Each structure stands twice: as structure tokens, then as C-alpha cells.
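Please look through the sequence and the structure below before reading on. The report moves from the whole chain to its interior, and then to one sheet and the helix that lies across it.

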Amino acid sequence: MITVQHVSKHYGHHTALDDVTFHVKKGEILAFLGPNGAGKTTTMRILTCFMPQNEGMATVAGFDCLDQPMEVKRHLGYLPETPPLYPELTVDEYLTFVGRLKRLAPQHLASQKSRVIDQMGLGSVHHRVIGHLSRGYRQRVGLAQALIHDPPVLILDEPTVGLDPKQIIEMRGLIKGLAGSHTIILSTHVLPEAMATCDRVVIIHQGRIVAEDSPDRLSGQLRQSEKMSLTVKHPLPDWLERLRTLPGVLNVLPATHPHTCTIDCQPGQDLRETLSQFVVSQGYGLLELKPLSLSLEEIFLQLTRQEENVEMGEPNHFDSGGQSSRREQPPA
């Protein structure tokens with residue numbers, strides 16, 4: 001539904017995007033994740049036909065962002081970081097204006113407006129002036145304007161910025177409810193945002209894609225062992241040493257709590273049955289045994305640290321396909 005192939009964008013001598021490639025499937029929610037200045041907004045502007053790329057190709061719903069910008073915009077809903085609202089209008093007046101701007105037929109405008117008001121939970125405020133609404137409701141109105149022409153693709157730039165915790169949870173629920181019927185790119189630098197709403201993550205750093213996959217699969221690529229957390233009721237003095245002797249166990253590390261430890265297992269091995277049987281047979285009293293994975297924060301820090309090492313001449317071992325994210329340079 002969205003294709004970005006070898007896209008680069010230069011501002012004079014500064015490269016904002018460097019050979020960026022990724023794809024978004026129909027009905028998928030993709031988190032476009034990176035720190036401020038990584039290239040997220042530049043990518044969003046290219047996909048929304050606000051600015052052209054210098055190299056490469058970008059398409060939305062099968063239409064080329066350079067050659068067919070009007071068709072792209074017809075198939076696209078966009079919520080920028082600051083919603084494009086007119087505070088002196090009521091919600092109803094504003095959505096009527098947006099619907100006309102997007103060339104909705106008069107016989108369809110009323111039904112589409114009613115649909116998005118209901119979808120975004122705006123029924124109790126649709127006659128109120130936008131300037132008098134809370135930040136959470138204004139964000140809902142911004143999302144309603146992106147949806148009023150029922151586009152197949154949505155691009156949301158930092159959709160929860162400035163919201164309080166309750167409003168963030170509500171906005172995340174609204175976005176997740178759009179999955180399947182809409183293909184969504186959600187640009188964010190807030191790591192829990194990606195975990196809470198998205199199927200897949202693209203991580204961009206200094207204008208380059210450094211990883212692309214689900215958080216779980218990224219965790220599997222990066223960790224050097226399978227990790228398990230074990231909690232027992234009756235730990236004996238030598239229980240950690242005895243666990244280390246089990247086949248497939250690489251190391252056992254004590255945790256802060258004396259009844260809990262972290263077990264490093266050989267990659268690809270599921271030792272839950274072996275560990276549970278051993279703990280029960282030794283009378284330790286099994287309370288909890290669960291696999292551990294890297295958090296998205298750990299994945300992000302590890303990948304961006306590797307990319308910075310590449311800048312210093314050290315090899316980078318991971319990208320979206322397990323290859324170095326740096327392009328090979330031609331010989332001098």
C-alpha cells in the first residue's frame with residue numbers, strides 16, 4: 001500500500017534521508033520510530049507530496065508521489081503534529097469545510113461527517129467551538145478531518161504529543177480501531193507508543209533505516225542468547241550453581257530479589273520444560289518461569305549505538321534483513 005524505494009533527500013550539503021527503503025502492507029499499522037532530527041518528518045512530507053525527494057521513488061496506494069500527487073492526496077488522510085484546525089469554527093462547521101475542500105459530493109458529505117463524528121466520539125461536542133475544546137478533543141477533530149473522505153491510507157505524525165495519560169490511552173484505542181480498514185504510518189519518537197499500537201516497527205537514525213521488523217523479531221535478532229526469568233519459593237544456597245550445570249544453560253545471573261534469577265540459554269533452545277522439571281524435582285518450589293525479550297527501548301538504543309559505531313568505522317551487523325545497513329561504497 002505504501003512503498004518507499006531508495007529515497008534520498010538533501011538540503012544543500014546536509015543529507016536528511018539516505019537511501020531509505022521500506023514497505024507498508026494493506027491494513028497494517030507501522031510505527032516510524034526515531035529520535036528528533038532522524039528524518040521522520042522529511043519522510044512524511046515526501047509521502048504527503050509536500051516536498052519531492054532528490055532520489056528514489058515513493059508510492060501511496062499505487063500512485064507515484066512525484067508524478068501523481070493529486071491522486072495520492074485523494075487516497076491519503078494526514079494528521080500533522082499540530083492539527084490544522086480553525087478554532088473559531090464549531091466541530092460541525094469545520095468538518096463540513098474539510099469535506100467540501102476534499103470534494104465530497106453534497107449527498108455524501110452529511111453521512112461521512114456523521115460517520116467520523118461517531119467514530120471519533122465527538123457526538124457530545126460537535127456543536128461546540130473548537131477553540132473551547134480540550135487538547136484531547138482537538139486531536140480527535142484533527143483525526144476526523146483526516147478520515148472524512150474515508151482514505152485507505154493514513155499518515156499520523158506524533159498523534160499523542162501533548163496529551164495527558166487518559167487522552168493518550170483513548171487516542172491509541174482510536175488508532176488501533178482503524179487497523180485493517182486503513183493502512184497507517186504512525187510517526188513517533190515515543191517508544192511505548194509503537195509497542196501499544198503498531199504491528200511492525202521501522203527505526204530510522206540519522207536519515208538511514210537501521211531496522212525493520214516486529215519488536216519481538218528485532219529482539220530475537222539482537223540478543224545473543226534466549227533469556228528466561230525464574231522465580232522459586234525455596235532457593236537453596238547452591239541453586240544457581242546447580243542450574244548452571246543443566247544442558248543448554250549458558251549462564252545464570254542472580255536478580256535483585258534473592259528468589260529470582262535470569263537464565264541465559266543457547267539460542268533456539270526452549271528449556272522451559274527442562275528447567276521446570278529440575279526445579280520441581282529439587283524441591284525449590286516453582287513460582288514463575290517466563291521467557292524474556294529485549295524491550296523496544298533496549299532494541300532502539302542498541303541499534304542506534306551500532307549505527308554510530310559504523311560512523312566511527314566499526315562494523316554494523318543488523319538492519320531489517322540482518323545485513324549491514326550501510327551501502328557498499330565503490331572503490332576509490
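The sections below describe a predicted model.

## The chain as a whole

In this predicted model, the chain is built with eleven helices and 14 strands. Of its 332 residues, 48% count as buried, and the chain exposes about 16400 Å², of which carbon and sulfur atoms supply 53%. When contacts in the chain with a separation of 6 or more are considered, 67% of them are accounted for by residues 24 or more positions apart.

## Two nonpolar cores

The largest nonpolar core has 41 residues, and those with the most contacts inside it are Leu-95, Leu-122, Val-141 and Leu-143. Helix α5, which covers residues 135–147, gives the most to this core, contributing five residues. Leu-122 can serve as an example: leaving aside its neighbours within four places in sequence, Leu-122 is in contact with Val-91, Ile-117, Tyr-137, Arg-140, Val-141 and Ala-144.

Apart from the largest core lies another core, of 27 residues, and among them are Phe-32, Ala-38, Ile-46 and Val-202.

## A sheet of four strands

Four strands form an open sheet in the order β12-β13-β11-β14, with antiparallel pairing. The edges are taken by β12 (249–254) and β14 (286–292), and each of these has a single partner strand, so one side of each is left without a neighbour in the sheet. Ignoring direction, neighbouring strands of this sheet are turned by 20° against each other on average.

Strand β11 (residues 226–232) pairs with strand β13 (residues 260–265) in the antiparallel sense over six bridges, and Ser-229 stands opposite Thr-262 in β13. The pairing of β11 with β14 is also antiparallel and runs over six bridges; here Met-228 has Pro-291 in β14 as its bridge partner. As for its surroundings, β11 is mostly covered, since five of its seven residues are buried.

## The helix across the sheet

Helix α10 (residues 272–281) lies across β11, β12, β13 and β14, and runs at about 160° to β14. Which residues of α10 are buried? They are Leu-275, Ser-276, Phe-278 and Val-279. Seen down the axis of α10, these buried residues fall within an arc of 165°, so they line one face of the helix.

On the other side of α10, Glu-273, Val-280 and Ser-281 are exposed. What covers the buried residues of α10 includes the four strands β11, β12, β13 and β14, together with the helix α9 (239–244). After α10 comes Gly-283, whose phi is positive, near 75°.

## Putting the pieces together

The sheet and the helix can now be viewed as one region of the predicted model. Helix α10 lies across the strands β11, β12, β13 and β14, and these strands are included in the cover over its buried residues, while Glu-273, Val-280 and Ser-281 are exposed on the other side of the helix. Within the sheet, β11 pairs with β13 and with β14, whereas the edge strands β12 and β14 each have a single partner strand.

Key:
Residues numbered from 1 in each chain as written. Predicted model: local features only at pLDDT ≥ 70, side-chain atom pairs only at ≥ 80, totals over all residues. Heavy atoms only, no water. Core = buried A, V, L, I, M, F, W, Y, C linked by side-chain atoms within 4.5 Å. Buried < 20%, exposed > 50% of the residue type's maximum accessible area, 1.4 Å probe, protein only. Helix = DSSP H or I, 4+ residues; strand = E, 2+ residues; numbered from the N terminus. Contact = heavy atoms within 4.5 Å. Areas by Shrake-Rupley, 256 points an atom, 1.4 Å probe, with all protein chains shown as cover. Pairing = 2+ DSSP bridges. Axes fitted to C-alpha atoms, helices over the stretch in contact; angles between N-to-C directions. Arc of directions from axis to C-beta.
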